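This report describes a single protein chain, moving from its helical ends and loops to its charged pairs and its interior. The sequence and the model are shown below.

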Amino acid sequence: MNNRAPTPPAAPSKAHRGPLDTDPKRQRFFESAEGVFQRFGFRKATVEEICRGAGMSKRTFYQLFGDKQDLLFQLVEAVMNTRTVAWEASLPEGLDPLSQLHSLLDLYASIVRHHPFLKVLVEDLDLMRSVGARTEEIRMSQMGGPFDRILEEGVATGQFRPLDRQAALWVVFGILDTGYLLTPAIMNAPGPLEDPVMAEEIKQFIVRGLGAIDQTDGESEE
């Protein structure tokens, strides 16, 4: 029986990636929801509170979102898309795959740091299952696309070992989500956002797992 994770859809290049949603009403709900989810968590957050913070009616809310969970998923997708597109546009031309990988891992940490509402994604098992069912459309189609490209280029140039990119995507994002979101919530303890040593260990674990060795490591060993 094949238990392989679903194949992430091929991501469009940044030149063909869809336009960001600039609907001002939707953005007002997003801004309100970030604060409400962060303060109250997903379960205790209410549509009424989100609408109050956005200064919009419940009727408008339900014109844009199916329910509170749909809003959360759209919010996560918007955050991932906006930050990833901006990151891709900022990459220097000719940057090698290993440097791009480091930058992408820093991007993930930055997104979690600057959008603490994302911690609600691991609040309860039912919500985690719902997120997992929509992982492809929420995250893998956004950050996963550039990561897949980086892996392909890294293998082609010899910076990474030959690998199954689909499996690597699944493993790397599993490590990131577990390290940055799930484990700190379960342990009720500081995670890599608070501990730079832990953050660096996660990064190096991923880099070395892909078969790459940091040039800085090599220089220090000579």
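## Helix H10 and its boundaries

Gly211, which follows H10, has a positive phi, near 90 degrees. The model is a predicted one. Helix H10 itself comprises residues 196-209. Its 14 residues reach 20 Å from the first C-alpha to the last, close to the 20 Å expected at 1.5 Å a residue. At the N-terminal end, H10 is capped by Asp195, which places a side-chain oxygen 3.0 Å from the backbone nitrogen of Val197. The buried residues of H10 are Ala199, Ile202, Lys203, Gln204, Ile206 and Val207.

The loop between H9 and H10 contains Asn188. Although Asn188 is not a glycine, its phi is positive, at about 50 degrees. Asn188 has a relative accessible area of 72% and is therefore classed as exposed, the cut-off for that class being over 50%.

## Overall architecture

The protein chain contains eleven helices and zero strands. Its pattern along the sequence is accordingly written α-α-α-α-α-α-α-α-α-α-α. Of the 222 residues in the chain, 44% are buried.

Helix H4 (residues 68-90) offers a further case of a capped helix. H4 has 23 residues and spans 33 Å between its first and last C-alpha atoms, close to the 33 Å expected at 1.5 Å a residue. The cap at the N-terminal end of H4 is Asp67, with a side-chain oxygen 3.2 Å from the backbone nitrogen of Gln69.

A contact along the fold involves Leu118, which lies in the loop between H5 and helix H6 (125-133). The C-alpha atoms of Leu118 and Val76 are separated by 7.5 Å, and the two residues are 42 residues apart along the chain. Leu118 has a relative accessible area of 6% and is therefore buried, since the limit for burial is under 20%.

## Salt bridges

The structure holds nine salt bridges. Three of the pairs are set out here.

| Salt bridge | N to O distance |
|---|---|
| Glu48 and Lys58 | 2.9 Å |
| Arg52 and Glu49 | 2.5 Å |
| Lys203 and Asp106 | 2.7 Å |

The side chains of Glu48 and Lys58 meet in a salt bridge. This pair links distant parts of the chain, with Glu48 in helix H2 (residues 47-54) and Lys58 in helix H3 (residues 58-64), ten residues apart. Glu48 is partly exposed, at a relative accessible area of 37%, and Lys58 is also partly exposed, at 37%.

Arg52 and Glu49, by contrast, both lie in helix H2, where they are three residues apart, about one turn of the helix. Arg52 is exposed, with a relative accessible area of 56%, whereas Glu49 is partly exposed, with a value of 24%.

Which residue does Lys203 meet in a salt bridge? The partner is Asp106, at an N to O distance of 2.7 Å. The pair links distant parts of the chain, as Lys203 belongs to helix H10 and Asp106 to helix H5 (residues 97-114), 97 residues apart. Lys203 has 13% relative accessibility and so counts as buried, being under the 20% limit. Asp106, at 40% relative accessibility, counts as partly exposed.

Beyond these pairs, a network of salt bridges links Arg43, Asp124, Asp126 and Arg129.

## The internal cavity

Rolling a probe the size of a water molecule over the atoms shows where empty space is left. A search of the whole structure finds one cavity of 30 Å³ or more. The volume of the largest cavity is about 40 Å³. Its lining is formed by Leu104, Leu105, Tyr108, Met143, Phe147, Val172, Phe173 and Leu176. H5 and helix H9 (165-187) are the elements that give two or more residues to this lining. By residue class, the lining of the largest cavity divides into eight nonpolar, no polar and no charged residues.

Helix H5 thus appears in two of the settings described: it carries Asp106, the partner of Lys203, and it contributes to the lining of the largest cavity.

Definitions and conventions:
Residues numbered from 1 in each chain as written. Predicted model: local features only at pLDDT ≥ 70, side-chain atom pairs only at ≥ 80, totals over all residues. Heavy atoms only, no water. Salt bridge = Lys/Arg side-chain N within 4 Å of Asp/Glu carboxyl O. Helix = DSSP H or I, 4+ residues; strand = E, 2+ residues; numbered from the N terminus. Buried < 20%, exposed > 50% of the residue type's maximum accessible area, 1.4 Å probe, protein only. Expected span 1.5 Å × (residues − 1). Polar contact = N/O pair within 3.5 Å; in protein donor to acceptor, adjacent residues only side chain to side chain. 1 Å grid on protein atoms, 1.4 Å probe; cavity = no way out; pocket = protein on both sides within 12 Å on 5 of 7 lines; lining within 4 Å. Points joined across faces, edges and corners; volume = space filled by probe spheres on them. Nonpolar A, V, L, I, M, F, W, Y, C, P; charged D, E, K, R; others polar.
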